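Student: Hey, can we go through this structure together?
Tutor: Sure, take a look and then ask away.

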Amino acid sequence: MRFTNDDETGCLSSEAPSRQASRDTATVEIVYSLFTGAIVAALLFFTVASPAFIWELSGGWNSTVMGMASAFSAAGFVYRVVSVLVRLRKVTK
């Protein structure tokens, strides 16, 4: 079976380029959200954990500060990823 196209684009229908462009846009936005989310998480972690790195805190305080840093960085990552993907969803509608 051989497929032919009349418009010399290499696509089988006129809808194929727009669907591919839409998928490419979604892929780029997902990678962008993950990358910027990782940056936000790292910045939040080092900002909140900096007292533990700078001063020698006792064992209980050190683990408390590190736990808070981990929680804030995880929340920042999730917030960034969700906010970028919600924005993408609003734009594509």
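**Ile39 and the nonpolar patch**

Tutor: Ile39 counts as partly exposed, at 40% relative accessibility (buried is under 20% relative accessible area, exposed over 50%, partly exposed in between, with a 1.4 Å probe and protein chains only). Keep in mind that this is a predicted model, where local features need pLDDT of at least 70, side-chain atom pairs count only at pLDDT 80 or more, and totals for chains, interfaces and linings use all residues. Residues are numbered from 1 along each chain as its sequence is written, and side-chain values use heavy atoms, leaving out hydrogens and water.

Student: Where does Ile39 lie?

Tutor: In helix 1; helices here are DSSP runs (H or I, at least four residues), numbered from the N terminus. Ile39 is 9.6 Å from Ser73, C-alpha to C-alpha, though 34 residues separate them in sequence.

Student: New topic: which residues are covered by the "transmembrane region" annotation?

Tutor: The unreviewed UniProt entry gives 30–54 and 66–88, and such annotations may be inferred rather than shown by experiment. Residues 30–54 are 100% helix, with end C-alpha atoms 35 Å apart. Residues 66–88 are also 100% helix, and their ends are 33 Å apart by C-alpha.

Student: Is Trp55 buried or exposed?

Tutor: Trp55 is exposed, because its relative accessible area is 54%. Trp55 sits in the loop between helix 1 and helix 2 (59–92).

Definitions and conventions
Helix = DSSP H or I, 4+ residues; strand = E, 2+ residues; numbered from the N terminus.
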